[in-house]
Amino acid sequence: ALSGGGSGVLAQFLRHRVPIHFGGMSDPLQPVEQRLRVTERILRGLLLSRYPTVLSTRGAMVVDSPYWELLRDLGAIVQFSFSSTHDSVAVGVEPHATRPSTLLRAMEFLSSQGVVVTCRWQPYIPMISEPPEDFVARVAATGCRHIALEHLKVPLERRDTVWAAFRILGDHDLNAYYHDHGAVRDGREFVLPASAKLPITLRVRAAAHKHGMSFGAA
């Protein structure tokens with residue numbers, strides 16, 4: 001079981017039962033999990049203390065046994081991440097990721113089993129992603145309870161594989177779009193200013209509230 005003893009920062013987090021974000025840096029349900037079962041062991045440990053947990057994934061292994069049962073019994077929140085809810089778009093942006101249609105079915109299954117499901121639209125890609133009202137309606141139909149939004153950060157290096165993906169999806173000059181909308185350099189990426197992101201953010205928020213979901217944005 002988790003222990004809240006000690007005076008360090010982690011001990012304080014545990015003592016106050018600050019939720020663990022399981023999967024914030026890498027997916028905890030990658031294919032290798034089928035062999036190593038690391039995530040399964042961690043979930044069983046969290047269940048011993050019924051510790052508040054948010055699990056983030058871009059895969060559908062979460063609906064396999066024993067994962068969904070452990071998450072249900074733990075009372076965990078499961079967050080799925082999308083670049084688009086349309087397979088035809090996602091296959092170009094994330095060719096090796098699980099198809100959105102599969103993830104939407106996984107969300108619907110978990111919701112039907114009493115697991116709280118949320119959605120992270122990351123990244124929203126100008127000129128490529130579907131209209132906010134379309135995206136929100138599709139995830140809301142699964143029983144999703146919350147949606148978070150994050151715009152695309154454009155890599156500085158044009159050799160980055162993301163540019164090849166954008167070319168596959170059509171003649172979308174994202175570099176020009178970001179330049180025209182006042183993007184600023186942040187490390188090795190270009191990021192849109194808040195003023196440029198606000199219109200889409202407000203549309204996603206309005207659609208989320210219309211469907212009874214809460215909303216957050218990065």
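Modeller: Let's start with a term: a crossing of two helices is left-handed if the near helix is turned anticlockwise from the far one by less than a right angle, and right-handed if clockwise. By that rule, in this predicted model, the crossing of H3 and H4 is left-handed.

Biologist: And how do you know that H3 and H4 are roughly parallel to each other?

Modeller: The axes of helix H3 (residues 38-49) and helix H4 (residues 67-74) cross at roughly 20°, coming within 10 Å. Angles under 35 degrees count as roughly parallel, so H3 and H4 get that label.

Biologist: Which residues in H3 and H4 meet?

Modeller: From H3 you have Thr39, Glu40, Leu43, Arg44, Leu46 and Leu47, and they meet Tyr67, Leu70, Leu71, Asp73 and Leu74 of H4. Sorted by class, that contact holds seven nonpolar, one polar and three charged residues.

Biologist: On to the sheets. What order do the strands of the six-stranded sheet have?

Modeller: The order is S1-S2-S3-S4-S5-S9, the pairing is parallel and the sheet is open.

Biologist: What makes S1 and S9 edge strands there?

Modeller: Count the partners: S1 and strand S9 (214-217) each have a single partner strand, so each has one side without a neighbour in the sheet. As for twist, neighbouring strands of this sheet are turned by 20° against each other on average, direction ignored.

Biologist: How do you know that S2 and S3 count as a pair?

Modeller: Two strands pair if DSSP finds at least two bridges between them. S2 and strand S3 (residues 77-82) have four, in the parallel sense, so they pass that cut-off. Thr57 stands opposite Phe80 in S3, if you want a spot to look at.

Biologist: Which strands does H7 touch, and at what angle to S4 does it run?

Modeller: H7 packs on the sheet and touches S3, S4 and S5, with its direction at about 155° to that of S4. Angles over 145 count as roughly antiparallel, so H7 and S4 fall in that class. H3 lies across S1 and S2, and its angle to S1 is about 160°, so the cut-off of 145 puts that pair in the roughly antiparallel class too.

Biologist: What about the three-stranded sheet: what order and what pairing?

Modeller: That open sheet reads S6-S8-S7, with antiparallel pairing. Strand S6 (154-155) and strand S7 (184-186) are the edges here, since each has a single partner strand and one side left without a neighbour in the sheet. S7 and strand S8 (residues 189-191) are joined over three bridges in the antiparallel sense, with Val184 opposite Val191 in S8.

Biologist: Now single residues. Why is Thr142 called buried?

Modeller: Buried means under 20% relative accessible area. Thr142 has 7%, so it qualifies. This residue sits in the loop between helix H7 (132-140) and strand S5 (146-151). Leaving aside residues up to four places away in sequence, Thr142 touches Leu104, Met107, Glu108 and Ser111.

Biologist: What makes Glu150 a buried residue?

Modeller: Its relative accessibility of 13% is under the 20% cut-off, so buried is the word. Glu150 is part of strand S5. With residues up to four places away in sequence not counted, its contacts are Arg120, Trp121, Gln122, Pro123, Tyr124 and Ala218.

Biologist: Which peptide bond from Gln122 is cis?

Modeller: The one to Pro123, with omega near 5°. Pro123 belongs to strand S4 (residues 116-124). Another cis bond runs from Ser65 to Pro66, where omega is near 10°. Pro66 is in the loop between strand S2 (53-57) and H4.

Biologist: What makes phi of Arg17 worth a look?

Modeller: The value is near 55°, which is positive in a residue other than glycine. Arg17 is in the loop between helix H1 (9-15) and strand S1 (20-22). Met127, in the loop between S4 and H7, also has a positive phi, near 75°.

Biologist: And why is Met127 called partly exposed?

Modeller: Buried is under 20%, exposed is over 50%, and partly exposed is in between. Met127 comes out at 41%, so it lands in the middle class. Arg17, at 37%, is partly exposed on the same reasoning.

How values were computed: Residues are numbered from 1 along each chain as its sequence is written. This is a predicted model: local features need pLDDT of at least 70, side-chain atom pairs count only at pLDDT 80 or more; totals for chains, interfaces and linings use all residues. Side-chain values use heavy atoms; hydrogens and water are left out. Axes are lines fitted to C-alpha atoms, for helices over the stretch in contact, and angles run from 0 to 180 degrees between N-to-C directions. Helices (H or I, at least four residues) and strands (E, at least two) are DSSP runs, numbered from the N terminus. Angles under 35 degrees count as roughly parallel, over 145 as roughly antiparallel, 65 to 115 as roughly perpendicular and the rest as oblique. Contact means heavy atoms within 4.5 Å. Ala, Val, Leu, Ile, Met, Phe, Trp, Tyr, Cys and Pro count as nonpolar, Asp, Glu, Lys and Arg as charged, and the others, Gly among them, as polar. Buried means under 20% relative accessible area, exposed over 50%, partly exposed in between (1.4 Å probe, protein chains only).
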